[in-house]
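Here is a short briefing on charged side-chain pairs. Start with the sequence and the fold below.

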Amino acid sequence: MNEAELIEIDLGPLEALGDPGTLEFSPPGAKFPDDYFIVRRGEALACFSNVCTHMQQPLNWAPNRFLNKSGEYIVCPAHGATYDSLSGDCRGGPCNGRGLTSWPVRLDKGRIIVRVPSVQM
């Protein structure tokens, strides 16, 4: 995907997100509220598509819940595929070495800014 096809979304202040913490979101106009999610661990942030590489199912086991207890891994609730919470790399289970699709995320004056595809109308 070309950088020009991405839109910027302001997800709010970093301090509003737990540590470790996650937040699901979608671009304006999307059918579902959880197309993507961000992960925070300390000052580090990552943004991923909310799709397991094994069975293309959502990764959240409840609203805004993606991580194991330590916050180190994203674990698919369907079949246990396990991904590193910051790199999205497959760490075990049926993801078979395929990592999550990541998207640009940055902090701007303490606010979380992501760049993801816009909704196709």
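Arg111 and Asp10 form a salt bridge, with their closest N and O atoms 2.8 Å apart. This pair ties distant parts of the chain together: Arg111 lies in strand S10 and Asp10 in strand S1, 101 residues apart. The model is predicted. Searching the whole structure gives six salt bridges.

**Strands S1 and S10**

- Arg111 is partly exposed, at 35% relative accessible area.
- Its partner Asp10 is partly exposed too, with a value of 40%.
- Glu8 makes a salt bridge with Arg115, and the closest N and O atoms are 4.0 Å apart.
- This pair also links distant parts of the chain, with Glu8 in strand S1 (residues 6–13) and Arg115 in strand S10 (residues 111–117), 107 residues apart.
- Glu8 has a relative accessible area of 44%, so it counts as partly exposed.

**Network**

- Which residues are linked with Glu8 in a network of salt bridges?
- They are Arg106, Asp108 and Arg115.

**The Arg40 and Glu43 pair**

- Glu43 forms a salt bridge with Arg40, and the closest N and O atoms are 3.8 Å apart.
- Is Arg40 buried or exposed?
- Arg40 has 10% relative accessibility, and buried means under 20%, so Arg40 counts as buried.
- Glu43 has a relative accessible area of 60%; the cut-off for exposed is over 50%, so Glu43 is exposed.
- This salt bridge therefore joins a buried Arg40 to an exposed Glu43.

Notes. Residues numbered from 1 in each chain as written. Predicted model: local features only at pLDDT ≥ 70, side-chain atom pairs only at ≥ 80, totals over all residues. Heavy atoms only, no water. Salt bridge = Lys/Arg side-chain N within 4 Å of Asp/Glu carboxyl O. Helix = DSSP H or I, 4+ residues; strand = E, 2+ residues; numbered from the N terminus. Buried < 20%, exposed > 50% of the residue type's maximum accessible area, 1.4 Å probe, protein only.
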